Amino acid sequence: MEVSDEMIDQLRKQVGKLFVVGFDGLTVNEQVKSLIHEYHVGGIILFARNLANPEQIRQLTSDLQAEAQAAGYEQPLLIAIDQENGSVKRIPRQYMEYPGAMAIGATEQPSRAFDVAKATGEDLLTLGINWNLAPVLDVNNNPDNPVINVRSFGEDPTKVAAFATAAIQGYQASGIVHSVKHFPGHGDTSVDSHLALPHVPHGRERLFEVELKPFIEAIEHNVDSIMTTHIVFDALETDGQTPATLSSAVMTDLLREELGYQGVVVSDCLEMRAISTTFGVAVAAVRALQAGVDMLIVSHTYEEQIQALEQVYQAAKAGQITTERLTTAQSRIQDLIERRNITFTADYSSESFFTEEKQALARDIYHQSVTDVVEGQSIHTDTAVFVIDVIDHHDTVAEDTQDGESLLFRQAQTIFSQVETAVVDDQAFDESTLREQVDQAEAVIIGVKSLTDGSAFAELISQIAQQVPVYLIGLKQPYVGRQFQHIERWINTYENSAEAVKTALEAIIGRRELEGVSPVRVEE
């Protein structure tokens with residue numbers, strides 16, 4: 001049968017609808033115009049590289065939807081973002097900053113997850129962003145996990161499920177599309193799937209008791225979409241090499257048939273090395289759709305995006321991806337857009353964006369979340385303090401932000417009258433210089449986001465702590481204090497946020513009692 005140009009065009013549009021793509025720049029560039037007009041991609045994903053301020057973001061999302069209309073779209077673009085809050089956020093912090101998952105978990109109040117999700121969803125919608133790729137449902141029960149960690153609500157699957165359910169309900173109340181991740185669970189790995197292909201060796205019974213428990217609750221609460229993970233689950237995929245994203249045993253047999261989920265399934269980015277260096281982006285795009293994934297994220301490289309679009313088109317044309325599979329995926333996406341009442345024109349209401357009430361909400365949760373791990377004596381504001389901010393060598397691709405000026409220094413200088421500061425690289429520091437600086441101080445305050453295992457810096461500070469009081473503030477990884485000995489006090493903030501840092505410092509001077517309860521066991 002001869003294939004008409006109209007049928008070819010229809011198939012290309014059907015394929016394009018299943019892709020979510022990223023691009024560089026603060027304005028609509030020629031590449032993203034091509035992806036909209038020539039390939040009819042269904043979604044755009046925004047990163048920090050695309051976002052400068054609320055006004056610019058509103059203009060960008062408006063322009064993207066205008067391009068879609070000009071290209072003849074019948075439905076608006078899904079415009080997505082990873083605004084998990086905490087350590088993974090895309091909106092510049094000076095305009096919008098809410099606590100992340102582990103900080104919320106430390107409050108022991110699931111209602112706070114609802115509050116933050118609702119506020120976040122409302123704020124994003126006023127920017128023209130209609131899909132938040134959050135919350136994270138991974139159970140962080142592996143202290144060596146390099147990529148989830150504080151992005152999780154904690155290590156207890158029952159508690160994670162409770163907080164996740166509350167967050168889902170908050171997003172639903174806001175009206176934004178949301179996506180739980182990373183199915184079927186990225187919490188118990190010691191490998192970052194951005195960099196390599198991890199394995200999870202646990203049996204099915206354990207997976208249902210721990211990893212899958214929050215996702216089962218999410219499905220029961222009608223979650224909008226579920227994001228996959230690029231991890232091999234040995235109990236689910238017996239070949240030992242196919243990650244969940246590409247596995248019909250996981251995406252169809254488990255998720256669709258056994259767990260009964262019928263909503264949109266979206267891949268994590270196919271350019272992550274767990275996929276790109278093993279299967280290749282274009283091949284993986286075909287295999288993911290065949291496995292049961294509905295939408296494919298290709299976040300960064302235009303050439304990879306085009307190759308994936310073309311390869312999926314050719315596979316669909318050849319019948320390697322069935323018409324039924326394409327139609328089902330497209331129908332799910334269409335139903336989601338209609339159910340959430342997404343339109344080409346957003347309500348760009350700046351009056352409701354991160355209002356004073358929402359800022360007060362964020363402050364309250366920071367006050368409730370900061371946690372004493374090791375309690376100690378307070379010091380006075382006129383104490384001569386030496387403040388050390390340790391360089392984070394373990395920030396991940398997922399974080400996508402640069403902290404810039406030290407929040408710890410800035411906050412310390414507003415509280416203490418005598419402050420000396422130093423940025424220290426724990427992998428390359430001068431011991432004699434550091435000791436000289438410490439000799440001038442009556443107390444040492446150290447902010448640490450992460451440390452190298454067996455850190456010589458931690459060993460040195462442990463020695464110093466026997467001579468002068470050392471106050472440790474864990475600014476990200478909650479386990480970071482394990483390497484230090486003899487410290488006066490260890491406080492975890494779970495993230496490097498201004499209000500969290502301020503709360504920790506106020507506790508050190510005795511101005512504030514800390515209320516947080518650690519969502520993970522931090523002491524060995």
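# Briefing: a covered helix, two cores and a few odd backbone spots

The buried residues of helix α18 sit under a cover that includes α14 (356-369), α15 (407-415), β14 (443-448), β15 (470-474) and β16 (489-492). Keep in mind that this is a predicted model. Its chain is split into domain 1 (95-341) and domain 2 (370-509). Below is a quick tour of the helix, the cores, the aromatic contacts, the domain contact and the unusual backbone.

**Helix α18**

- Helix α18 runs over residues 498-508 and is mostly covered, with 9 of its 11 residues buried.
- The buried set is Glu499, Ala500, Val501, Thr503, Ala504, Leu505, Glu506, Ala507 and Ile508, so you'll find two glutamates and a threonine in there alongside residues such as Val501 and Leu505 under the 20% cut-off for relative accessible area.
- Leu505 also turns up among the residues with the most contacts inside the largest nonpolar core.
- After α18 comes Gly510, which has a positive phi near 80°.

**Nonpolar cores**

- The largest nonpolar core counts 142 residues, and Phe19, Val41, Leu64, Phe183 and Leu505 have the most contacts inside it.
- Both domains feed this core: at least three residues come from domain 1 (95-341) and at least three from domain 2 (370-509).
- Another core, of 34 residues, lies apart from that one, and Ala441, Leu451, Val470 and Val520 are among its members.
- Phe183 is worth clicking on: leaving out residues up to four places away in sequence, Phe183 touches Leu212, Phe215, Ile226, Met227, Thr228, Thr229, Ala244, Val250, Met251, Leu254, Leu255 and Leu259.

**Aromatic pairs and the cluster**

- The structure has 5 aromatic pairs.
- One of them is Phe183 with Phe215, an edge-to-face pair at 5.3 Å centre to centre and 90° between the planes.
- Phe183 belongs to strand β5 (residues 177-183) and Phe215 to helix α8 (residues 213-220), so this pair ties together parts 32 residues apart in sequence.
- Phe183 counts as buried because its relative accessibility is 0%, and Phe215 counts as buried at 0% too.
- Phe457 and Phe484 make an edge-to-face pair as well, with 6.4 Å centre to centre and 85° between the planes.
- Here the partners are helix α17 (residues 456-464), which holds Phe457, and the loop between β15 and β16, which holds Phe484, so the pair ties together parts 27 residues apart in sequence.
- Phe457 has 0% relative accessibility and therefore counts as buried; Phe484, with a relative accessible area of 5%, is buried too.
- Add Phe429 to Phe457 and Phe484 and you have one aromatic cluster.

**Arginines over rings**

- Arg12 lies over the face of Tyr313, 3.9 Å from the ring centre.
- Arg58 does likewise with Phe353, at 5.7 Å from the ring centre.

**Where the domains meet**

- The centres of domain 1 and domain 2, taken over C-alpha atoms, are separated by 34 Å.
- Domain 1 puts 16 residues into the contact and domain 2 puts in 14 residues.
- The two domains bury about 1,100 Å² between them, and 60% of that is on carbon and sulfur atoms.

**Backbone oddities**

- As background, most residues other than glycine have a negative phi, and most peptide bonds are trans.
- The Ala134 to Pro135 peptide bond is cis, with omega near 10°, and Pro135 sits in the loop between β4 (131-132) and α6 (157-174).
- There's a cis bond from Lys181 to His182 too, with omega near 5°; His182 lies in strand β5.
- His40 isn't a glycine, yet its phi is positive at about 55°.
- You'll find His40 in the loop between α2 (30-37) and β2 (43-46), and its relative accessibility of 10% makes it count as buried.
- Asn85, not a glycine either, has a positive phi of about 75°.
- Asn85 is in the loop between β3 (78-81) and α4 (101-106) and counts as buried at 4% relative accessibility.

**Around Thr120**

- Thr120 is in helix α5 (residues 110-126), and it is buried, with a relative accessible area of 0%.
- Not counting residues up to four places away in sequence, Thr120 touches Gln83, Asn85, Met96, Tyr98, Asn132 and Tyr171.
- That list includes Asn85, the residue with the positive phi of about 75°.

Technical notes
Residues numbered from 1 in each chain as written. Predicted model: local features only at pLDDT ≥ 70, side-chain atom pairs only at ≥ 80, totals over all residues. Heavy atoms only, no water. Core = buried A, V, L, I, M, F, W, Y, C linked by side-chain atoms within 4.5 Å. Buried < 20%, exposed > 50% of the residue type's maximum accessible area, 1.4 Å probe, protein only. Domains from an automatic or database assignment. Contact = heavy atoms within 4.5 Å. Helix = DSSP H or I, 4+ residues; strand = E, 2+ residues; numbered from the N terminus. Phe/Tyr/Trp six-rings, centres within 6.5 Å; stacked < 30°, edge-to-face > 60°. Lys NZ or Arg CZ within 6 Å of the ring centre and 35° of its normal. Buried area = accessible area lost by both parts, 1.4 Å probe.
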